[in-house]
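Let's walk through a protein model together, one step at a time. Keep the sequence and the 3D view side by side as you read.

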Amino acid sequence: MLATKPYLTQADVQKILNAADQHAAKHNLAVTIAVCDDGGHMLGLIRRDGCAPLSSYIAQEKARTAAMGKRETRVYEEIINNGRHAFLSAPHVSGMLEGGVNIEVNGFTIGAVGVSGVKSAEDAETAKAGIAAIL
């Protein structure tokens, strides 16, 4: 028998984007919000007015890294900040700053949200606000 697992639908992605965007609007945050599937493939993105263009790339990489690593990107930032600089050579992980949050359902990481544009903790809060809309 083949295994089955939950996955993000387009409706889920839109709910995440809408909730994260509302959170950012409420707190006056100029951010980019990116949502990807468990393989790191982009499913949706919003760049709010006033957000630096570079944040679009950073948010996507945070989302990819959180999805493929099955953990928040904050963990990678802490590893590096605690002196394990060799981790910077790890392949396919370039968004190793706080603000990428994996979406876990029934023990499966089904995707992630990456946010960039403000303080890292605020990026993570915005991502979590989006994820809360579907959990």
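Start with R74, which is partly exposed, with a relative accessible area of 29%. Keep in mind that you are looking at a predicted model. The side chain of R74 meets that of E72 in a salt bridge, with 3.8 Å from N to O. E72 is buried, with a relative accessible area of 16%. Buried here means under 20%, so the 16% of E72 falls on the buried side of that cut-off. The two residues also belong to something wider: E72, R74, E78 and K128 are linked in a network of salt bridges.

Why can such pairs form? Side chains of opposite charge can pair when their charged atoms come close.

How many salt bridges does the count come to? The count is 7. One of them joins D38 and K5, whose closest N and O atoms are 2.4 Å apart. D38 sits in the loop between β1 (32-37) and β2 (42-47), while K5 sits in the segment before α1 (10-26), so this pair ties together parts that are 33 residues apart in sequence. Both partners count as partly exposed: D38 has a relative accessibility of 31%, and K5 has 46%.

Another salt bridge brings together the side chains of D123 and K62, at 3.0 Å from N to O. D123 belongs to helix α4 (residues 120-132) and K62 to helix α2, so the pair ties together parts that are 61 residues apart in sequence. Are these two residues buried or exposed? D123 is buried, with a relative accessible area of 2%, and K62 counts as buried too, at 2% relative accessibility.

Now let's turn to helix α3. This helix covers residues 73-81, and its buried residues are T73, Y76 and I80. If you look down the axis of α3, these buried residues fall within an arc of 55 degrees, so they line one face of the helix. What covers them? The cover includes α2 (54-69) and β3 (100-105).

Just after α3 you reach G83, which takes a positive phi of about 105 degrees. G83 lies in the loop between α3 and β3 and is partly exposed, with a relative accessible area of 47%. Try finding M68 from here: G83 and M68 are 15 residues apart in sequence, and their C-alpha atoms are 23 Å apart in space.

Follow the chain onward to β3 and its partner. β3 and strand β4 (residues 108-116) run antiparallel and are joined by 6 bridges. Across this pairing, I103 stands opposite G111 in β4. The hairpin of β3 and β4 has 2 residues between the strands, and in this hairpin N106 takes a positive phi near 55 degrees. As you look at the strands, remember a handy rule: in a regular strand the side chains alternate between the two faces of the sheet.

Next, look at the nonpolar residues inside. The largest nonpolar core has 17 residues, and those with the most contacts inside it are L8, I33, V35, I103 and V113. Which elements supply this core? α1, β1, β3, β4 and α4 each give at least two residues, and α1 gives the most, with 5 residues. To get a feel for the packing, pick V113: leaving out residues up to four places away in sequence, V113 touches several residues, among them I16, I33, V35, I103, A127 and I131. There is also a second, separate core of 7 residues, which includes A34, C36, A63 and A66.

That brings us to the cysteines. How many disulfides does the structure hold? It holds 0 disulfides. C36 is in no disulfide, and the nearest cysteine sulfur, that of C51, is 17 Å away. Seen from the other side, the sulfur of C51 has its closest cysteine sulfur in C36, and 17 Å is too far for a bond. A disulfide needs the sulfur atoms within 2.5 Å. Both cysteines are buried: C36 has a relative accessible area of 0%, and C51 has one of 5%.

Note on methods:
Residues numbered from 1 in each chain as written. Predicted model: local features only at pLDDT ≥ 70, side-chain atom pairs only at ≥ 80, totals over all residues. Heavy atoms only, no water. Buried < 20%, exposed > 50% of the residue type's maximum accessible area, 1.4 Å probe, protein only. Helix = DSSP H or I, 4+ residues; strand = E, 2+ residues; numbered from the N terminus. Arc of directions from axis to C-beta. Contact = heavy atoms within 4.5 Å. Salt bridge = Lys/Arg side-chain N within 4 Å of Asp/Glu carboxyl O. Pairing = 2+ DSSP bridges. Core = buried A, V, L, I, M, F, W, Y, C linked by side-chain atoms within 4.5 Å.
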